[in-house]
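Welcome, and please take a moment to turn the model around before reading on. The notes that follow go from the whole chain to a few of its residues.

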Amino acid sequence: MAAGIIWGFAGINILRIGILAYRQNWSVRNALISLAVFAVFRAMVFGKLVKKHTARIMNYTEEKQFILKFFDVKSFCIMAFMMSFGIGIRMSGIWPDSWIAVFYTGLGTALFLAGTGFISRYIKVHSLGRRSAAAEM
């Protein structure tokens, strides 16, 4: 559940930045690019991330875990890099608002859906039971 809330919140924040940047940058071309960014991140990054970390979490033997244990150290490092890179890009003005709009909208949507993926898996585990849910995932 913690992973879902954190990723969902991050996704909403990034999506909000992208949507705000879209105000002066809306076009069909930009929307298609956002869709492509979403598809790449969903398929190649966050879809795999949700499966990998859910499987790892399901293998814990203790029922209750430390809240930050939903990621391993490598994943926290990747998250820190992504946040620093994103903030640095926006603060430096290297990318024009049109690129912030298309990239952040696609990325934010993929992040938000990763959060909902974690939450739906959490709900499934708690409604079906740990062993039944693990067999389905």
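The chain carries 16 positive and 5 negative side chains, and the centres of these two sets lie 6 Å apart. Keep in mind as you look that this is a predicted model.

About 8600 Å² of the chain is exposed, with carbon and sulfur atoms supplying 70% of that area. Of its 137 residues, 33% count as buried. If you draw a box around the C-alpha atoms along the principal axes, the box comes to roughly 50 × 25 × 20 Å.

What is the secondary structure of the chain made of? There are five helices and zero strands, so the order from the N terminus reads α-α-α-α-α. Contacts also link distant parts of the sequence: among those between residues at least 6 apart, 74% join residues at least 24 apart.

Now let us look inside. The largest nonpolar core has 24 residues, and W7 and F46 are the ones with the most contacts inside it. Helices α1 (2-22), α2, α3 (73-92) and α4 (97-128) each give two or more residues to this core. The largest share comes from α4, with nine residues. In soluble globular proteins, nonpolar side chains tend to be buried together.

W7 is a good place to zoom in. Leaving aside residues up to four places away in sequence, W7 touches F46, L49, F70, F71, M79, L111, F112, G115 and F118.

Two other residues deserve a visit, S34 and T54. S34 lies in helix α2, and the place of T54 is also in helix α2, which covers residues 28-58. Are they buried or exposed? The cut-off for buried is under 20% relative accessible area; T54 has 7%, so T54 is buried, and S34 has 6%, so S34 is buried as well.

Each of the two has a polar partner, listed here:

| Side chain | Partner | Distance |
|---|---|---|
| S34 | side chain of Y22 | 2.7 Å |
| T54 | backbone oxygen of V50 | 2.7 Å |

The surroundings of S34 can be followed a little further. Beyond the residues up to four places away in sequence, S34 touches Y22, A101, V102, T105 and G106. Y22 thus appears twice in the picture of S34, as one of the residues S34 touches and as its side-chain partner in the polar contact of 2.7 Å.

Key
Residues are numbered from 1 along each chain as its sequence is written. This is a predicted model: local features need pLDDT of at least 70, side-chain atom pairs count only at pLDDT 80 or more; totals for chains, interfaces and linings use all residues. Side-chain values use heavy atoms; hydrogens and water are left out. Helices (H or I, at least four residues) and strands (E, at least two) are DSSP runs, numbered from the N terminus. Buried means under 20% relative accessible area, exposed over 50%, partly exposed in between (1.4 Å probe, protein chains only). Contact means heavy atoms within 4.5 Å. Accessible areas come from the Shrake-Rupley method with a 1.4 Å probe; for residues, only the protein chains shown count as cover. Lys and Arg count as positive and Asp and Glu as negative; His and the chain ends are not counted. The place of a charge is taken as NZ of Lys, CZ of Arg, CG of Asp or CD of Glu. A polar contact is a pair of N or O atoms within 3.5 Å; within protein, one must be able to donate a hydrogen and the other to accept it, and residues adjacent in sequence count only if both atoms are side-chain atoms. A nonpolar core is a set of buried Ala, Val, Leu, Ile, Met, Phe, Trp, Tyr and Cys residues joined through side-chain atoms within 4.5 Å.
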